[in-house]
Amino acid sequence: MPPLWQEKLRKITPYVPGEQSSNPGLIKLNANENPYPPSPRVREALQGLDTGALRLYPDANASRLRGALSSYYGVKPTQVFMGNGSDDVLALAFQSFFCSGQPILFPDITYSFYPVWCGLFRTPYETVPLDGNFRVNPRDYDRPSGGVVLPNPNAPTGISEGRAFIEDILSHNQDCVVIIDEAYVDFGGWSCVPLLEQYENLLIVQTFSKSRSLAGLRIGVALGSETLIATLEAVKNSYNSYTMDAVSIEAGAAAVEDDAYFRETCRKVIGTRERCAAALRGLGFTVCPSDSNFLFVTHPAARARDIFEAMRAQNIFIRHFNLPRIDNYLRITIGTETEMDKLLSALAGYLG
Ligand code: PMP
């Protein structure tokens, strides 16, 4: 029998991230990382770093990065919040805004961290089924709730919605906070930053892990009204004042300042995605329309789990979710042209 103290431990089912591995020659298409390196300006910023200054705590306001982001998005510095990856920002946002005791709403097929945070923070929630084409019906969100969280583009489908849809959700949910998780928006989606002026209850969350190729540094951002951002700051400062380390602040600002590199990288990923979507359709896959840096696919004649295992055996990692409704789908991150060619030929070989 386990000792009594063990029965008192917190029991929770955690989020499982895409597998990391250091296999030589691995083609890693399972965590939606960017195949291209960050801007050369990030390297310069890191090389110029005064390591002696690391003995001091970082600027708790991350002013340099905050300034770069406020100019980039055309919002006040007091409308910008930063954290240790957007998972950190989202977790703080759940704690800050989803505390009414009423269930919050999100789709049944979405970022699988949302229910985990609800479990951790004891936030009640209801999942709202996507339709047969994996689309959100905004009418399903026309009801009182403790809050709404939607990724746009959605994950893991990659499907995105436009301005009219987001405005519809916001205008019917003015009594709670609506979080739009724009982790993948830079790959062709519509960002709702222009709606910040109109909707004080809108919180937009973005990340440097995808379009800015900085998953290894952990930089996440929230944009919202001054009231929402001040609330997030207060909750952060009640938990850990130094969510942003000094290295991330400098490197993050350097990445934001190199807009030309950022646009070029996104353009390359989008080009490869469109070419691969067509090639996968040619192999018989059904491919969801994607505005993200991944494709969500299913094949009528081969089980997703088997394809996943077959690719894994060839040192190509893609993602399979053993979850209701999507267990016969695969999520494939867009890699370099060469990586995708290798994947496509491995799939062609497997499918005969
Ligand atoms: N939101 C969505 C929809 C994601 O897919 C991810 C990546 N797992 C995140 C947020 C978190 O990204 P990060 O913590 O690297 O910023």
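Me: Strand 3, helix 5 (residues 113-121) and strand 4 form a β-α-β unit. What makes this unit right-handed?

Reply: The path decides. Point the strands away from the viewer and follow the chain from the first strand over the helix to the second; a clockwise run counts as right-handed. Strand 3, helix 5 and strand 4 make a right-handed unit. The model is predicted, with pLDDT of at least 70 required for local features and 80 or more for side-chain atom pairs, while totals for chains, interfaces and linings use all residues. Residues count from 1 along each chain as its sequence is written, and side-chain values use heavy atoms, without hydrogens and water.

Me: How do you know that strand 3 (residues 104-107) and strand 4 (residues 125-128) pair?

Reply: Count the bridges. Pairing needs at least two bridges found by DSSP. Strand 3 and strand 4 have 4 bridges, so they pair. The two strands run parallel. Ile104 has Tyr125 of strand 4 as its bridge partner. The elements themselves are DSSP runs numbered from the N terminus: helices (H or I) have at least four residues, strands (E) at least two.

Me: Helix 2 (residues 40-47) packs on helix 8 (residues 246-257) at about 150°, with the axes 8 Å apart. Why is helix 2 called roughly antiparallel to helix 8?

Reply: Set the angle against the cut-offs. Under 35 degrees is roughly parallel, over 145 roughly antiparallel, 65 to 115 roughly perpendicular, and the rest oblique. About 150° is over 145, so helix 2 and helix 8 are roughly antiparallel. Such angles run from 0 to 180 degrees between N-to-C directions, on axes fitted to C-alpha atoms, for helices over the stretch in contact.

Me: Which residues make the contact between helix 2 and helix 8?

Reply: Helix 2 gives Arg41, Val42, Ala45 and Leu46. Helix 8 gives Val247, Glu250, Ala251, Ala254, Ala255 and Glu257. Contact means heavy atoms within 4.5 Å. By class, this contact of helix 2 with helix 8 has 7 nonpolar, no polar and 3 charged residues. (Ala, Val, Leu, Ile, Met, Phe, Trp, Tyr, Cys and Pro count as nonpolar; Asp, Glu, Lys and Arg as charged; the others, Gly among them, as polar.)

Me: Helix 9 (residues 259-282) and helix 11 (residues 337-351) pack at about 10°, with axes 11 Å apart. Why are helix 9 and helix 11 called roughly parallel?

Reply: About 10° falls under 35 degrees, so helix 9 and helix 11 are roughly parallel. Thr272, Arg275, Cys276, Ala279 and Leu280 of helix 9 meet Glu337, Met340, Asp341, Leu344 and Leu347 of helix 11. This contact of helix 9 with helix 11 has 6 nonpolar, 1 polar and 3 charged residues.

Me: Why is helix 10 (residues 304-313) called oblique to helix 11?

Reply: Their packing angle is about 120°, with the axes 11 Å apart. That value fits none of the named ranges, so helix 10 and helix 11 are oblique. Asp306, Ile307, Ala310 and Met311 of helix 10 touch Leu343, Ala346, Leu347 and Tyr350 of helix 11. The contact of helix 10 with helix 11 holds 7 nonpolar, no polar and 1 charged residue.

Me: What makes strand 9 (286-287) and strand 12 (319-320) edge strands?

Reply: Each pairs on one side only. They belong to an open sheet of 4 strands, in the order 9-10-13-12 with antiparallel pairing. Within this sheet, strand 10 (residues 294-298) and strand 13 (residues 330-333) pair over 4 bridges. Phe294 stands opposite Thr333 of strand 13.

Me: Where is Pro153 found?

Reply: Pro153 sits in the loop between strand 5 (148-151) and helix 6 (163-171). The peptide bond from Asn152 to Pro153 is cis, with omega near 0°. Pro156 lies in the loop between strand 5 and helix 6. A cis bond joins Ala155 to Pro156, at an omega of about 5°.
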